[in-house]
Amino acid sequence: MSAFSVSVQAENFDIGTISAEITHERTDIGAIVSFTGLVRDFNEKPDVTALTLEHYPGMTEASLMQIIDQARTRWPLQDVRVIHRVGRLEPGDPIVLVVTASAHRLAAFDACAFIMDYLKTQAPFWKKENTLHGDYWVSARESDQNAAARWGLDNKENSHESS
């Protein structure tokens, strides 16, 4: 049974548990690809001590489901899970998880990259870096926009920042 689910949460996640849920009693899945993003201690400025993520409940989940739906029209996927954490996170903490399952590895790889590129440019998350020199909101990066453009996603006017 496919889940194709999104969760925006403060709690941590366990990739092993999620992979086990996806493959439980399934033999049609030939590949699972996952991406886990971590908070790092540097970004636009050095000395990041924490990252605070905010979102618009309801709108964020709907936006993430839309990109999963787009991925499903591009690739034959058996399952997709997206988990994005919010709240205050410290360097080394997991922040985002994208898991794609397909009968074929290339579809799983491409769909995972596509979904992550969308998260970086389109999902309504706002990120504040807490540093030794003060706190500030992070702006969208041109490199993220360029990565998304390879999929035909070029909505710079509507871009938001994510992990």
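Which residue in S8 stands opposite Lys128? In this predicted model, the residue opposite Lys128 is Trp137. The pair belongs to the contact between S7 and strand S8 (residues 134-137), which is antiparallel and spans four bridges. A hairpin of two residues joins S7 to S8.

S7 also pairs with S3. That pairing is antiparallel too, and it runs over seven bridges. Two of its positions can be named. Ala50 stands opposite Asn130 in S7. Val48 has Thr131 of S7 as its bridge partner. Strand S7 covers residues 125-131 and is mostly covered, with five of its seven residues buried.

S3 has a further partner in S5. Three bridges join S3 to S5, and the two strands run antiparallel. Leu51 stands opposite Leu89 in S5, and Thr52 stands opposite Arg88 in S5.

Together these pairings give an open sheet of four strands. Its order is S5-S3-S7-S8, with antiparallel pairing. Strand S5 (87-89) and S8 stand at the edges; each has a single partner strand, so one side of each lacks a neighbour in the sheet. With direction ignored, neighbouring strands of this sheet are turned by 20° against each other on average. Strands of a sheet pair through backbone hydrogen bonds, either parallel or antiparallel.

The nonpolar interior comes next. In soluble globular proteins, nonpolar side chains tend to be buried together. Here the largest nonpolar core holds 33 residues. Those with the most contacts inside this core are Leu64, Trp75, Val82, Val98, Ile115 and Leu119. Both strands and helices supply two or more residues to the core. The contributing strands are S1 (5-9), S2 (31-38), S3 (48-55), S4 (77-85) and S6 (94-102). The contributing helices are H2 (59-74) and H3 (105-121). H3 gives the largest share, nine residues.

Ile115 illustrates the packing in this core. Leaving aside neighbours within four places in sequence, Ile115 is in contact with Ile67, Ala71, Val80, Val82, Val98 and Thr100. A second core, separate from the one above, has eight residues. Among them are Phe13, Ile18, Ile83 and Ala101.

Ile83 also appears in the surroundings of Gln9. Gln9 lies in strand S1. Is Gln9 buried or exposed? Its relative accessible area is 16%, and buried means under 20%, so Gln9 counts as buried. In sequence, Gln9 and Ile83 are 74 residues apart; in space, the C-alpha to C-alpha distance is 7.4 Å. Not counting residues up to four places away in sequence, Gln9 touches Ile83, His84, Arg85 and Val86. The side chain of Gln9 also has a polar atom that lies 3.4 Å from the backbone oxygen of Asn12.

Methods:
Residues numbered from 1 in each chain as written. Predicted model: local features only at pLDDT ≥ 70, side-chain atom pairs only at ≥ 80, totals over all residues. Heavy atoms only, no water. Core = buried A, V, L, I, M, F, W, Y, C linked by side-chain atoms within 4.5 Å. Buried < 20%, exposed > 50% of the residue type's maximum accessible area, 1.4 Å probe, protein only. Contact = heavy atoms within 4.5 Å. Pairing = 2+ DSSP bridges. Polar contact = N/O pair within 3.5 Å; in protein donor to acceptor, adjacent residues only side chain to side chain. Axes fitted to C-alpha atoms, helices over the stretch in contact; angles between N-to-C directions.
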